[in-house]
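Welcome, and please have your viewer open beside this report. We will go from the overall make-up to two sheets, one helix, a cavity and a few single residues.

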Amino acid sequence: MRPRLRLPLRFDATQMLLEVRKIKDEEWVRHFNKDEYSGRWDGLALLAPGGDATKIYPGATDTGVYQRTPVLERCSYLGEVLDTFKCGVLSARLLRLAPGAKIHEHRDYDLGLDLGRLRIHIPIQTGNDVRFVVGDHRVLMAPGETWYMDFGLLHRVDNDGTSDRIHLVIDCVNDEWLQALMARAMDTEPPESIDAESGSRRDPVDIFRELLVSNPALGASLHECSTVDEFVDLSLRVARDQDIHVARPDIELALRNTMRGGAKLSLSEAPPLTHWVPEHVSEREGATEVQWCFLASRPLQEPFFEDTMIAARRTFFNRFLRPTTSFEALEHAVSEQPGLPLVGIIAHVSRCGSTLMAQMLATVPSLVVASEPPPLDSVIRETGPEITHESHIRRIRALVSALSQPRRGGETGFVLKLDSWHLSAMPLLRGAFPDAPVVLSYRDPSEVLASHTREPGLQMSGCVGQPYSGIPMEGQTQLEYRAQIVGLLFAAALRAAPGALLVHYKDLPDFVHTRVSSHFGLVLSDGDHERMRARERFGAKSAGQLFDVVTKRNEAARIEAGSRDQVERWAGSAYRELERMRASQAVTDRKDPPPNASQPARS
């Protein structure tokens, strides 16, 4: 007999939970094994000696006749569930484990096939953050399922979730009816898989998910599924073709848990870089974790990198898999498969046309353009004694290499658009990419402030952190705070300006065709220019809004005099110095004009 077996009985968990919620909190009784758990673990008897609901000990020491308790009499559906069991039912209890509580590892010596007494669990309320481990194997149970487990093995439960874990627990006589039910389950339920290297038992669903990650061609059809039923049906067929035995409820449970943010698939190696992209980098238990998103040949065409990730995450394929790796796994992958050369970096002071520049360049088939990718922001912000200058540069290069993989085929270069606050990190970025040309866009600081007054960005709300956390929001007006942020942006831009091509907002969009493309070493075809012209007609963040520099400048002209005074105080001198440097570049450009921007592209 298997130590863990799902039986072919399913019940309505919602109806059971509705009845449980009607039970008064004071009716629950603290569990008697006080040394075997921490936190709150309590229960309530449904069948008990003398019908006493407080007698939740299921042992044989009490000689009273087991009867239905008043609680069970109030819960008609729970009574129907118990009546389904045609075997001898010795006891029935509701057991409730509170969030944060733990049942410590132990054995139940009064249960077992040889003793003729088996324990059945029916989850009523549970979640992916509940870890039920029996015999060194985590058991994933969905509400309403029926499970036999050998509790003579060491077992434990950790409720790391945010709600009570509630089970209906039934002790049964191992008679002919129950033996027939278990034999039927043995015939229909897939066996647990064995890991060839460790010898440990593994969840067949995880084996299937790992195969889909490592073999993108296998999952190509799954990626196109538009409904849950279509995805589950096709997953079962694909798994069967690969001789992986998974059941429909397992696929449904894994999909449901990943959609709620759980059930990540932890891998030792990065997925194929030609199809997967790092979408999130975070610290977890002292290590850097990378979460990956399946893109296949989808280009980074939305205004921002995060927009592309949001669109890609909607597929059931990405919801089902959600693979994560260590950052070291990413570094190893890009050492084997480096990305495209970085042909240009777009830096900016915010709200000055940088997104439009990136969107125009993204229409060029030979380019991959990533606009403000959050995983890069996470790596740039990394701090700690283990992050040396050299390791910081190495990690930034590795992340950019993973982001810059060809997406459609035929791309030859990568353009990276930064967040505005990355101006303060330009020394670090230039150290990582000393040969990459930089374009720095800016505009009149009063216009920047006017834009953020209409629609404040994160940097204006105190949400960005360093290097802006040193400015207190308390004790000053919102205008004063935002003007100081603008001042910091312009001061950082001035420090980053040497060696960069300065682009004023008023020179857009034409400047992208000429000086920007020349600065990045691009040789554009007539078709490239046509595609860029079609994109430049619209606003950077909205395909339906026409791009109009004059109108936006006129809106900025209406800001109050107090705002202008604040902007002048914090950003005026830096802005004028940038303008002086740009005028000097213009003189140089007239002496040494850029090459013909419309000549044919290199083959």
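## Overall make-up

The protein has 21 helices and 24 strands. Keep in mind as you read that this is a predicted model. Of its 603 residues, 54% are buried. Among contacts with a separation of 6 or more, 76% join residues that are 24 or more positions apart.

## The parallel sheet

Let us begin with an open sheet of 5 strands, paired in the parallel sense and ordered β21-β22-β20-β23-β24. Its edges are taken by β21 (367-371) and β24 (501-504); each has a single partner strand, so one side of each is left without a neighbour in the sheet. On average, and with direction ignored, neighbouring strands here are turned by 20 degrees against each other.

If you would like a pair to inspect in detail, try β23 (residues 438-442) and β24, which are parallel and share 4 bridges. Within this part of the sheet, S441 stands opposite V503 of β24.

## A helix packed on the sheet

Helix α12 (residues 354-362) packs on this sheet and touches β20 (342-348), β21, β22 (413-417) and β23. The direction of α12 makes about 155 degrees with that of β20.

Why is α12 described as largely enclosed by the rest of the structure? The count gives the reason: 9 of the 9 residues of α12 are buried, so the helix is largely enclosed. The buried residues are S354, T355, L356, M357, A358, Q359, M360, L361 and A362. They pack against the strands β20, β21, β22 and β23, and also against the helices α18 and α19 (526-536).

For anyone picturing the faces of a helix, a general reminder may help. An α-helix has 3.6 residues a turn, so residues three or four places apart point the same way.

## Two buried loop residues

H422 sits in the loop that runs between β22 and α15 (426-432). With a relative accessible area of 3%, H422 is under the 20% cut-off and is therefore buried. Its side chain makes a polar contact with the side chain of D377, at 2.8 Å. Leaving aside residues up to four places away in sequence, H422 touches D377, I380 and L429.

Y505 belongs to another loop, the one between β24 and α18 (510-519). Is Y505 buried or exposed? At 3% relative accessibility, Y505 counts as buried. Measuring tools in your viewer can also show how Y505 relates to D444: the two are 61 residues apart in sequence, and their C-alpha atoms are 8.4 Å apart in space.

## A partly exposed glycine

G88 occupies the loop between α3 (76-83) and β6 (89-97). Here the relative accessible area is 27%, and G88 is partly exposed.

Which residues does G88 touch, not counting those up to four places away in sequence? They are D171, C172, V173 and D175. G88 can also be placed relative to L178: the two are 90 residues apart along the chain, with 8.9 Å between their C-alpha atoms.

## The antiparallel sheet

A second open sheet to look at has 5 strands in the order β3-β7-β12-β9-β10, and its pairing is antiparallel. At its edges stand β3 (37-38) and β10 (137-138); each has a single partner strand, so one side of each is left without a neighbour in the sheet.

Inside this sheet, strand β9 (residues 130-134) and strand β12 (residues 155-159) run antiparallel and are joined by 5 bridges. One position to highlight is R131, whose bridge partner in β12 is D158.

## The cavity

How many cavities of 30 Å³ or more does the structure hold? The structure holds 1. About 30 Å³ of space lies in the largest cavity.

The lining of the largest cavity is formed by L111, G112, R117, L118, R119, Y148, M149, D150, F151 and G152. Two elements, β8 (117-125) and β11 (145-149), each give two or more residues to this lining. Of the elements, β8 gives the most, with 3 residues.

Conventions
Residues are numbered from 1 along each chain as its sequence is written. This is a predicted model: local features need pLDDT of at least 70, side-chain atom pairs count only at pLDDT 80 or more; totals for chains, interfaces and linings use all residues. Side-chain values use heavy atoms; hydrogens and water are left out. Two strands pair if DSSP finds at least two bridges between them. Axes are lines fitted to C-alpha atoms, for helices over the stretch in contact, and angles run from 0 to 180 degrees between N-to-C directions. Contact means heavy atoms within 4.5 Å. Buried means under 20% relative accessible area, exposed over 50%, partly exposed in between (1.4 Å probe, protein chains only). A polar contact is a pair of N or O atoms within 3.5 Å; within protein, one must be able to donate a hydrogen and the other to accept it, and residues adjacent in sequence count only if both atoms are side-chain atoms. On a 1 Å grid over the protein atoms alone, a cavity is a set of points where a 1.4 Å probe fits but cannot get out, and a pocket is an open set with protein on both sides within 12 Å along at least five of seven lines; lining residues have an atom within 4 Å of a point. Grid points are joined across faces, edges and corners, and a volume is the space filled by probe spheres set on the points.
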